[in-house]
Amino acid sequence: QVQLVESGGGLVQAGGSLRLSCAASGRTFSTGVMGWFRQAPGKEREFVAALTWTGGTTDYAGSVKGRFTISGDNAKNTVFLQMNTLKPEDTAVYYCAAKKSGRWYGEYDYWGQGTQVTVSS
């Protein structure tokens, strides 16, 4: 099993920044791909960004490209999501997810509990 613990959410004004962290523990060899997803009230969960440890490939949703950056510390099994120029529509619960291999799309095997991000206008 893999445990994912997110941190760093909070309340920020529009135009501000936040940095989310996701620490993985347990069978971390099963976390070849780490992703961030978000779910706003009344909406479906959507993909935000993903990082593939091998090769360092990153992928982003169009709505966050240029504003958000995903990165990671492999030695600490931790992935980060730097969110800049935040907008009210970025308000959501952000989830960290992981799977053994593949690309950003498809099923993820492990999920964190989520962290709330609220952007005020």
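This is a short tour of one strand and the side chains around it, to be followed in the viewer.

Before selecting anything, note that this is a predicted model, in which local features need pLDDT of at least 70 and side-chain atom pairs count only at pLDDT 80 or more, while totals for chains, interfaces and linings use all residues. Residues are numbered from 1 along each chain as its sequence is written, and side-chain values use heavy atoms, with hydrogens and water left out.

**Stop one: strand β4**

Select residues 33-39, which make up strand β4; strands here are DSSP runs of E with at least two residues, and helices are runs of H or I with at least four, numbered from the N terminus. Of the 7 residues in β4, 6 are buried, a word that means under 20% relative accessible area, with exposed being over 50% and partly exposed in between (1.4 Å probe, protein chains only).

Now add strand β5, residues 46-52, which runs antiparallel to β4 and is joined to it by 6 bridges; two strands count as paired if DSSP finds at least two bridges between them. Trp36 stands opposite Ala49 in β5, and in the hairpin of these two strands Gly42 takes a positive phi near 75°. Next add β9, which pairs with β4 in the antiparallel sense over 7 bridges, with Lys99 as the bridge partner of Val33.

**Stop two: the aromatic rings**

Which residues form one aromatic cluster? Select Phe37, Phe47, Trp104, Tyr105, Tyr108 and Trp111 to see it. Rings of Phe, Tyr and Trp (its six-membered ring) pair if their centres lie within 6.5 Å, and planes under 30 degrees apart count as stacked, over 60 as edge-to-face and the rest as tilted. The structure holds 6 aromatic pairs; in one of them the centres of Phe37 and Tyr108 are 5.0 Å apart and the planes are at 80°, so this pair is edge-to-face. Phe37 in β4 and Tyr108 in the loop between β9 and β10 are 71 residues apart.

**Stop three: the salt bridges**

Finally, select Arg38, Glu46, Arg67 and Asp90, which are linked in a network of salt bridges, each salt bridge being a side-chain nitrogen of Lys or Arg within 4 Å of a carboxyl oxygen of Asp or Glu. Between Arg38 and Asp90 the closest N and O atoms are 2.9 Å apart, although Arg38 in β4 and Asp90 in the loop between β8 and β9 are 52 residues apart. Asp90 also meets Arg67 in a salt bridge, at 2.8 Å from N to O.
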